[in-house]
Amino acid sequence: MMKTIAAMGLAAAATAAPVDEVRMQADFVAFMKTHKKEYASDEVFGRYNVFKNNVARINHHNSQKLGWTMAVNEFADLTQDEFKATYYGYKPRANDYARSQNVADLTGVKVQDGSLDWNAKGAVTPVKNQGQCGSCWSFSTTGGMEGAHQIKTGNLVSFSEQQLVDCAGSSGNQGCNGGLMDDAFEWIIQNGGLCTESSYPYTARDGICKKSCSTAGTISSYKDVAKGQESALTPAVNIGPVSIAIEADQSSFQFYSGGVMDGTCGQNLDHGVLLAGYGSDGGKDYWLVKNSWGASWGEKGYIRLVQGKNQCGLADSASYPIV
């Protein structure tokens with residue numbers, strides 16, 4: 001049954017519930033309406049309990065006033081394990097030899113002091129949403145390519161993640177089951193370019209590779225940033241947006257809503273994102289990172305990660321394309 005039955009069931013249960021429970025159930029019904037959630041009748045109370053536990057976690061975090069906040073969002077009815085199984089997809093290489101042979105020489109790169117924001121400079125497309133598909137790697141890849149293309153040509157083009165999902169398996173990627181940005185860059189070079197988003201739109205599921213679409217640009221090569229060298233990200237991102245990987249399987253990411261995130265998040269990489277700049281806020285230097293979970297997540301689709309501690313492993317698998 002659909003959300004109307006779910007809401008009726010909660011309303012009936014609320015008649016004998018404490019005031020706080022009544023309020024929580026009302027919040028859950030509002031959450032379902034806002035995010036257009038629909039559950040089978042035998043699922044609703046399980047989802048409600050997950051929601052309630054997540055709200056408690058969010059409220060506890062915010063009560064500590066740590067300088068960054070969490071909030072209820074569309075993922076509040078998912079456990080951490082469910083969220084991880086659905087919204088990630090970064091697949092690292094078995095060894096680092098290939099990366100070690102392709103490390104960028106960043107000496108002499110002119111670095112902008114204070115802050116840098118490629119989105120404000122017009123080199124980043126609007127925030128996209130990968131949906132329930134482990135295709136984060138493709139969004140990180142297109143983000144890097146979109147930035148490099150705009151900086152080179154002055155024209156911001158939205159490139160097709162779906163083409164990578166459907167077609168880039170020959171380079172080792174696995175569509176909605178995950179992939180690697182370097183492998184995707186390799187495929188783009190071999191393919192002679194990537195199509196526009198409009199000619200090969202995103203579907204959030206694996207599909208059959210289409211042979212005809214409007215190729216809008218390509219890259220000549222790509223470079224890796226030395227693993228773990230966070231300081232090297234500064235000159236790298238001054239060249240253009242950088243495709244990076246992070247560990248994002250913690251509740252701090254699932255419900256992040258604002259501020260410079262400096263909490264524990266691990267360094268077991270599982271999610272591809274885009275490094276779009278840097279800055280400072282209240283004495284905390286941060287990296288500006290574009291995610292692919294829609295503009296309603298985080299700070300309009302972005303997160304700010306603290307500098308200086310390789311936060312979430314962001315310096316461990318960084319690379320950027322060259323047009």
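# A tour from A204 to the aromatic cluster

Select A204 to begin: this residue is partly exposed, with a relative accessible area of 25%. What you have open is a predicted model. A204 sits in the loop between β3 (194–195) and β4 (215–217). Check its backbone too. Phi of A204 is near 65 degrees, a positive value in a residue that is not glycine.

**Zoom out: the whole chain**

Show the chain as a cartoon. You should find 10 helices and 11 strands. Along the principal axes, the C-alpha atoms fill a box of roughly 70 × 50 × 35 Å. How does the radius of gyration agree with that of a compact globule? For 323 residues, such a globule would come near 20 Å; the chain has 21 Å, so the two agree.

Now colour by burial. Of the 323 residues, 52% count as buried. Switch to a surface. The chain exposes about 14,100 Å², and carbon and sulfur atoms supply 51% of that area. Contacts reach along the sequence as well. Among those with a separation of 6 or more, 74% are between residues 24 or more positions apart.

**Stop 1: K36 and Y39**

Go to the loop between α2 (19–34) and α3 (44–63) and select K36. Phi of K36 is near 55 degrees, again positive in a residue other than glycine. Is K36 buried or exposed? K36 is exposed, because its relative accessible area is 66% and the cut-off for exposed is over 50%.

Stay in the loop between α2 and α3, and add Y39. Y39 counts as buried, at 4% relative accessibility. Show the Y39 side chain as sticks. What does it join? A polar contact of 2.6 Å links the side chain of Y39 to that of D77.

**Stop 2: D77**

Follow that contact to D77, in the loop between β1 and α4. D77 has a relative accessible area of 3%, so it is buried. Seen from this end, the 2.6 Å polar contact runs from the D77 side chain to the Y39 side chain.

Next, display the residues around D77. Leaving out residues up to four places away in sequence, D77 touches the following:

- F31, K37 and Y39 are among them.
- R47, V50 and N54 are also included.
- E82 is another.

**Stop 3: F75 and W293**

Select F75, in the loop between β1 (68–70) and α4 (80–87). Add W293, in the loop between β9 (284–290) and β10 (302–306). How do the two rings meet? They form an edge-to-face aromatic pair, 5.9 Å centre to centre, with 75 degrees between the planes. The pair links distant parts of the chain, as its members are 218 residues apart. Both F75 and W293 are buried.

Widen the selection. Ring pairs join F75, F83, Y87, Y88, F253, Y256, W293 and W297 into a cluster. In total, the structure holds 18 aromatic pairs.

Try a distance from here back to Y39. Y39 and W293 are 254 residues apart in sequence; their C-alpha atoms are 22 Å apart in space.

**Stop 4: two lysines over rings**

Select W118 and K121. K121 lies over the face of W118, at 5.8 Å from the ring centre. Then pick Y200 and K210. Here the charged end of K210 sits over the Y200 ring, 5.1 Å from its centre.

**Stop 5: Q150**

Move to helix α6 (residues 136–153) and select Q150. Is Q150 buried or exposed? Its relative accessible area is 14%, so Q150 is buried; the cut-off for buried is under 20%.

Which residues does Q150 contact, beyond its neighbours within four places in sequence? They are K121, G122, A123, N155 and L156. K121 is thus met twice on this tour: over the face of W118 and in contact with Q150. Add T125 and draw a C-alpha to C-alpha line. Q150 and T125 are 9.9 Å apart in space and 25 residues apart in sequence.

**Last stop: helix α8**

Finish at helix α8 (residues 181–191). Select M181, D182, D183, A184 and F185, then W187 and I188; these residues are buried. Step just past α8 to G192, where phi is positive, at about 80 degrees.

Technical notes
Residues numbered from 1 in each chain as written. Heavy atoms only, no water. Phe/Tyr/Trp six-rings, centres within 6.5 Å; stacked < 30°, edge-to-face > 60°. Helix = DSSP H or I, 4+ residues; strand = E, 2+ residues; numbered from the N terminus. Buried < 20%, exposed > 50% of the residue type's maximum accessible area, 1.4 Å probe, protein only. Lys NZ or Arg CZ within 6 Å of the ring centre and 35° of its normal. Polar contact = N/O pair within 3.5 Å; in protein donor to acceptor, adjacent residues only side chain to side chain. Contact = heavy atoms within 4.5 Å. Rg over C-alpha atoms; globule rule 2.2 N^0.38 Å. Areas by Shrake-Rupley, 256 points an atom, 1.4 Å probe, with all protein chains shown as cover.
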